[in-house]
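This report covers one protein chain, its second largest pocket and one pair of packed helices. Please look over the sequence and the model before reading on.

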Amino acid sequence: MVLFLGQRLLQSILILLGVAAITFLLLYCLPADPAVLIAGRSATPQMVAAIRHELGLDQPLIMQFWHYLEGLAQGDLGRSYTQKTEVMPLILARLPATLVLMAAGILVEVALGLTFGIIAAVRRNGFVDRAVMMLSFVGVSSPQFVVALLLLFVFAAKLGWFPMSGFGSFAHVVLPATTLGVLGAGWYARMVRSAMIEVLRQDYVRTARAKGVSAWRVVMRHALPNALLPIIAMIGIDIGQFMGGVVVVESVYGWPGIGQLAWQAIQTLDVPIIMGVTLVSALAIVLGNLFADFVAPFIDPRIRAQ
């Protein structure tokens, strides 16, 4: 187990280095020049050249990346071009809001996905099963901004149950978390249904039924735990996706997270912030997958035996 986790940790470090290199290269290939954006439209070529020299943008790409890795090894994500401050404090200041939204969104999607997935599996090939699968398809196909605007219009503007935007209370988190949860619940419902149907066909489930165990206990005690393994892996992936993929939701709801910070940085081509948010998101994905690898043996005894 220790050797396995050590190998996964080494792979994770290599993945982070690869993400940093690819992101740095893509940002370098953009046709826009950060120095020109910072200097403004009325800047002279001399002013632009001075800014490029100050930011180190006149150095070869390999040297720029090497200097960035040197700072990264010391926990330094660089300095924002536009906000003139260190990137690490900017991200850390926005991180709690994103973590709250991430946890709430995952809770909503897992609760909805498990519930509807179990119902569809138990009632498979019937009207309820087809209805759940249709709703899950609609959910995963709906754009985030459409769902967000629809929830805002109905529950905030018309009914007035929740605030339009902001951060700080339970009421503020309901609509953003629901937006994320509804979109992700469809995937969970479909996966839980498939896993549950396969498990319900196993011999030990038929044996439990033959012994007179109630249908509810068979599903919740014998079938569901053995169908949870792919769900754990999906949660690990969602941790990273929610960290960097909530740009639209945070923008619509005015949520002060790192997604909104990344969107603002993209508009001004603030490379250090874009790199910092990308690496934090990649780190979250890596940690989420490590979490899934660590938890899986405790859920499935077959993996623990291997």
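## The second largest pocket

On a 1 Å grid over the protein atoms alone, a pocket is an open set of points where a 1.4 Å probe fits, with protein on both sides within 12 Å along at least five of seven lines; lining residues have an atom within 4 Å of a point. The second largest pocket is lined by 19 residues, and Leu16, Leu72, Leu279, Val280 and Leu283 lie nearest its centre.

By class, 17 of the lining residues are nonpolar, two are polar and none is charged. Ala, Val, Leu, Ile, Met, Phe, Trp, Tyr, Cys and Pro count as nonpolar, Asp, Glu, Lys and Arg as charged, and the others, Gly among them, as polar. At least two lining residues come from each of α1 (2–29), α5 (87–122) and α14 (271–299).

## Basis of the model

This is a predicted model, in which local features need pLDDT of at least 70 and side-chain atom pairs pLDDT 80 or more, while totals for chains, interfaces and linings use all residues. Residues are numbered from 1 along each chain as its sequence is written, and side-chain values use heavy atoms, with hydrogens and water left out.

## Helices α5 and α13

The chain has 15 helices and zero strands; these are DSSP runs numbered from the N terminus (helices H or I, at least four residues; strands E, at least two).

α5 also packs against α13 (residues 258–268), at an angle of about 135 degrees and with the axes 8 Å apart. Axes are lines fitted to C-alpha atoms, for helices over the stretch in contact, and angles run from 0 to 180 degrees between N-to-C directions. α5 is therefore oblique to α13 (under 35 degrees is roughly parallel, over 145 roughly antiparallel, 65 to 115 roughly perpendicular, the rest oblique).
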